Amino acid sequence: MSNTTWVNWGRNQRCTPASIVTPGSVDELVAAVRAAGQAGQRVKPVGAGHSFTSIAVTDGVHLQLDRLAGLVAADPSSGLVTLRAGTRLRDIPALLAPHGLAMENLGDIDAQSISGAISTGTHGTGDRFGGIATQVRVLEIVLADGSVVTCSADERPELFAAARVGLGALGVLSSVTLQCVPAFLLHAIEKPVPFEEMLGSFHERVAAHDHVEFYWFPHTDWTLYKEDTRHPADAEKRPLGKVRSYVDDELLSNTAFGALCRLGHHVPGVIRTVNKISARALGAREYRDASHTVLASPRRVRFCEMEYAVPRDTITDVLREVRQLIDRRGWRISFPIEIRVAAADDIWLSTASERKSAYIAVHKYFRTPHEEYFRAVEDIVGAVAGRPHWGKLHYLSAADLASRYPRFDDFVRLRDELDPEGRFANDHLDRVLGSRVTS
Ligand SMILES: Cc1cc2nc3c(=O)[nH]c(=O)nc-3n(C[C@H](O)[C@H](O)[C@H](O)COP(=O)(O)OP(=O)(O)OC[C@H]3O[C@@H](n4cnc5c(N)ncnc54)[C@H](O)[C@@H]3O)c2cc1C
């Protein structure tokens, strides 16, 4: 045993791996996978530990890939950029800046590794934009037998369709080639919008603007709406002032919000009032800045989260039902519920696979029990064949998931072919994919 306990960001998953290996090259990565095979041990690559499920947990060899990070190549004319697998999203803007490039879209934070982000289907928002995995053009993968293969739309297309959102089940990604775009600015407008007005205009707003999302504050009639419009990099920047940015993003969204969550945890009766204050405190603001600065922001208040993708046109009814549920049960929910969208894509286990999607994300402060709330919301999204985010909490297993993904069985078949001994398995993958066929 390594005697080192690994803990995820949400503090709800931990493990003590038999050993921790930190390869600094593809050769070292291959050697680690081969050595584990000879010793009969399981292997689990891990990124930044920002998944809420036990997907990155192992009692075998934990492959921590922070040393396998950085830029391999960037071609400004094609926009193709190859990164080592452990590269953190937050480091990518500085790597791309000298080449005048940027990632096409991002999620809410940038702490994740590129491999962890794509492997679980991490996404941002935007009618015309898919999750981060849709930006991938080539993957280099170390398979269970220690061989190193590449895949793309032309080379091993089945593996490419599966491994872009591969759940860490098919092999260890050693590098990722992304289709980047010329660097751009985003003009952000954030403002409170009444709940009913938001629901009535949501689809129109999504169609009219590049990136649209909103948060509904439970127990209030208010949402906080955000729309971002893309502008060329040479457009005028109008960044938030340092003080405004500190007050909104650090003080209100993190420090004060954290204190209110702690208060709500101990005295749930105050949550209704606190949410009304929060919905008003985060007022309107407008700014224009580099894309990654506008899309991702710090999250310092720890929480546990469940997020489901639903068919786009069901989202407003789903949110209404969740609102009725919260009222009916008399729960006190301090975290706002987040709504985003994504374009349909062709990745087998992407939550937007072959389906134009909207996302509903529910959160609970990490010290507060979440299961009753999450399970009840899961029942609501289940009625519209919702698909859980692979890195966030849910209670489904392979039997439930198979009918929600057109290519689920193909993914499992490929997993069984590539990893017949379950080198990359763990209990979580056995639950969501089913354990492998042993003959
Ligand atoms: C505060 C917070 C905010 C978040 N915001 C968003 C958001 O806006 N949008 C969204 O969609 N999600 C979001 N998430 C979820 C998060 O993006 C995913 O859980 C993502 O997987 C985390 O990346 P990671 O590097 O931490 O991966 P980990 O959690 O460390 O690993 C996730 C999976 O990736 C696999 N993996 C890692 N590296 C490799 C590799 N080299 N090869 C093969 N498999 C690998 C692991 O084995 C595991 O199965 C958020 C999470 C948190 C905690």
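# Notebook: contacts, sheets and cavities

I began with Tyr-365 and listed its contacts beyond four places in sequence, which are Cys-261, Arg-262, His-265, Val-301, Arg-302, Phe-303 and Phe-335. I note here that the model I am reading is a predicted one. Tyr-365 belongs to strand E19, which covers residues 357-365. Its relative accessible area is 6%, and because buried means under 20%, I entered Tyr-365 as buried. I also looked up its separation from Ala-73: the two C-alpha atoms are 41 Å apart in space, and the two residues are 292 apart in sequence.

**Entry on Arg-312.** I next went to Arg-312, which I found in the loop that connects E17 with helix H9 (315-329). Is Arg-312 buried or exposed? With a relative accessible area of 8%, Arg-312 is buried. Setting aside residues up to four places away in sequence, I recorded that Arg-312 touches Asp-127, His-203, Val-206, Val-341, Ala-342, Ala-343, Lys-356, Ser-357 and Ala-358.

**Entry on the antiparallel sheet.** I then traced the sheet that contains E19, an open sheet of 8 strands with antiparallel pairing, and wrote down its order as E16-E13-E15-E14-E18-E19-E17-E20. Strand E16 (285-290) and strand E20 (387-388) are its edges, and since each has a single partner strand, one side of each has no neighbour in the sheet. Looking at one pair inside this order, I found that E18 and E19 are joined antiparallel over 5 bridges, and that Glu-338 has Ala-361 in E19 as its bridge partner. I also checked helix H5 (residues 195-208), which lies across strand E13 (184-194), strand E14 (211-216), strand E15 (222-232) and E18, and which runs at about 150° to E13.

**Entry on the parallel sheet.** Which order do the strands of the parallel sheet follow? I read it as E3-E5-E4, an open sheet of 3 strands. Strand E3 (19-21) and E4 take the edge positions with a single partner strand each, so one side of each is left without a neighbour in the sheet. Direction ignored, neighbouring strands here are turned by 25° against each other on average. Helix H1 (residues 26-39) packs on this sheet and touches E3, E4 and E5, with its direction at about 170° to that of E5. Going back to the strand pairing, I found 3 bridges between E3 and strand E5 (residues 61-64), which run parallel, and I noted Ser-19 opposite Val-61 in E5.

**Entry on a hairpin.** I looked at strand E6 (residues 71-75) and strand E7 (residues 80-84), which run antiparallel and are joined by 4 bridges, with Leu-71 standing opposite Leu-83 in E7. The two strands form a hairpin with 4 residues between them, and in the turn I noted Gly-79, whose phi is positive at about 80°.

**Entry on the cavities.** How many cavities of 30 Å³ or more does the model hold? The count I have is 4, and the largest of them has a volume of about 730 Å³. It is lined by 46 residues, and those closest to its centre are Ser-51, Gly-116, Ala-117, Thr-120 and Thr-122. Strand E4 (43-46), helix H3 (114-119), strand E11 (172-179), strand E17 (303-311) and strand E18 (337-342) are the elements that give two or more residues to this lining, and H3 gives the most, with 4 residues. By class I recorded 19 nonpolar, 20 polar and 7 charged residues in the lining of the largest cavity.

The second largest cavity holds about 60 Å³ of space. I found 14 residues lining it, with Gly-121, Gly-131, Asp-345, Ser-350 and Thr-351 nearest its centre, and this lining divides into 6 nonpolar, 7 polar and 1 charged residues.

**Entry on a pocket.** I closed with the second largest pocket, which has about 260 Å³ of space. Of the 19 residues that line this pocket, Pro-93, Leu-101, Ala-102, Ser-291 and His-292 lie nearest its centre. Helix H2 (92-96), strand E8 (101-102), E13 and helix H8 (291-295) each contribute at least two residues to the lining of the second largest pocket. By class, I entered the lining of this pocket as 15 nonpolar, 3 polar and 1 charged.

Conventions. Residues are numbered from 1 along each chain as its sequence is written. This is a predicted model: local features need pLDDT of at least 70, side-chain atom pairs count only at pLDDT 80 or more; totals for chains, interfaces and linings use all residues. Side-chain values use heavy atoms; hydrogens and water are left out. On a 1 Å grid over the protein atoms alone, a cavity is a set of points where a 1.4 Å probe fits but cannot get out, and a pocket is an open set with protein on both sides within 12 Å along at least five of seven lines; lining residues have an atom within 4 Å of a point. Grid points are joined across faces, edges and corners, and a volume is the space filled by probe spheres set on the points. Ala, Val, Leu, Ile, Met, Phe, Trp, Tyr, Cys and Pro count as nonpolar, Asp, Glu, Lys and Arg as charged, and the others, Gly among them, as polar. Two strands pair if DSSP finds at least two bridges between them. Axes are lines fitted to C-alpha atoms, for helices over the stretch in contact, and angles run from 0 to 180 degrees between N-to-C directions. Contact means heavy atoms within 4.5 Å. Buried means under 20% relative accessible area, exposed over 50%, partly exposed in between (1.4 Å probe, protein chains only).
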